[in-house]
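Colleague: Could you take a close look at one part of this model for me? I would like to hear about the salt bridges.

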Amino acid sequence: SHIKDEDSVNLYIADNYIKVETKEGTIISRLIEGNFPNYEQVIPDSCDVKVECKTDELGNAVKRASIIAKTDSNVIELEFKDDTLTIHGKGETNTATEKVNIDKQGDDMKINLDAGFLLDGLKALESDTVELLMIDKLNPLTIKEDGFTYIVMPMRAD
């Protein structure tokens with residue numbers, strides 16, 4: 001909002017925080033101690049498998065499979081084979097299987113992911129198609145879109 005001449009702003013600064021007071025409210029911000037994590041080291045700089053598919057089809061299939069997976073840790077298995085992605089959601093007593101058409105470059109592979117984390121990344125996309133980049137089942141799955149990079153760390157299958 002616009003600050004008028006007669007409005008006053010009180011500003012307090014200390015070693016590890018700043019406080020701003022106005023008639024409308026108070027804002028306090030604290031400096032986080034320590035170093036920010038080196039997130040760039042977990043983003044792969046190459047990939048062995050590149051998959052493209054429709055964003056909404058993948059999102060809807062993951063949502064359906066995750067309904068079953070939520071009963072047992074929310075882990076889903078993505079199996080990339082030829083031109084099909086098969087998503088397996090396993091619960092304590094039930095299983096769900098969803099299929100999505102894909103355009104794949106590279107070898108067939110499987111990776112286990114937390115369905116919620118994958119869905120969070122897909123929700124942030126604005127494009128109709130999504131590109132998934134992978135190395136193997138032990139390395140992160142990377143989603144990239146015009147300046148946006150999202151990684152999902154793999155989960156161990158029990």
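Modeller: Happy to; here is a walk through the salt bridges, pair by pair. Please keep in mind that this is a predicted model, where local features need pLDDT of at least 70, side-chain atom pairs count only at pLDDT 80 or more, and totals for chains, interfaces and linings use all residues. Residues are numbered from 1 along each chain as its sequence is written, and side-chain values use heavy atoms, with hydrogens and water left out.

The structure holds four salt bridges, each being a side-chain nitrogen of Lys or Arg within 4 Å of a carboxyl oxygen of Asp or Glu. One of them joins Arg-64 to Glu-98, with the closest N and O atoms 2.9 Å apart. This pair links distant parts of the chain, since Arg-64 sits in helix α1 and Glu-98 in strand β7 (residues 95–101), 34 residues apart. Helices (H or I, at least four residues) and strands (E, at least two) are DSSP runs, numbered from the N terminus. Glu-98 counts as buried because its relative accessibility is 17%, while Arg-64, at 41%, is partly exposed. Here buried means under 20% relative accessible area, exposed over 50%, and partly exposed in between (1.4 Å probe, protein chains only).

Another salt bridge brings together the side chains of Lys-104 and Asp-108, at 2.9 Å from N to O. In this pair Lys-104 is buried at 17% relative accessibility, and Asp-108 is partly exposed at 39%. Lys-19 also forms a salt bridge, with Glu-21, and there the closest N and O atoms are 3.3 Å apart. Lys-19 is partly exposed, with a relative accessible area of 23%.
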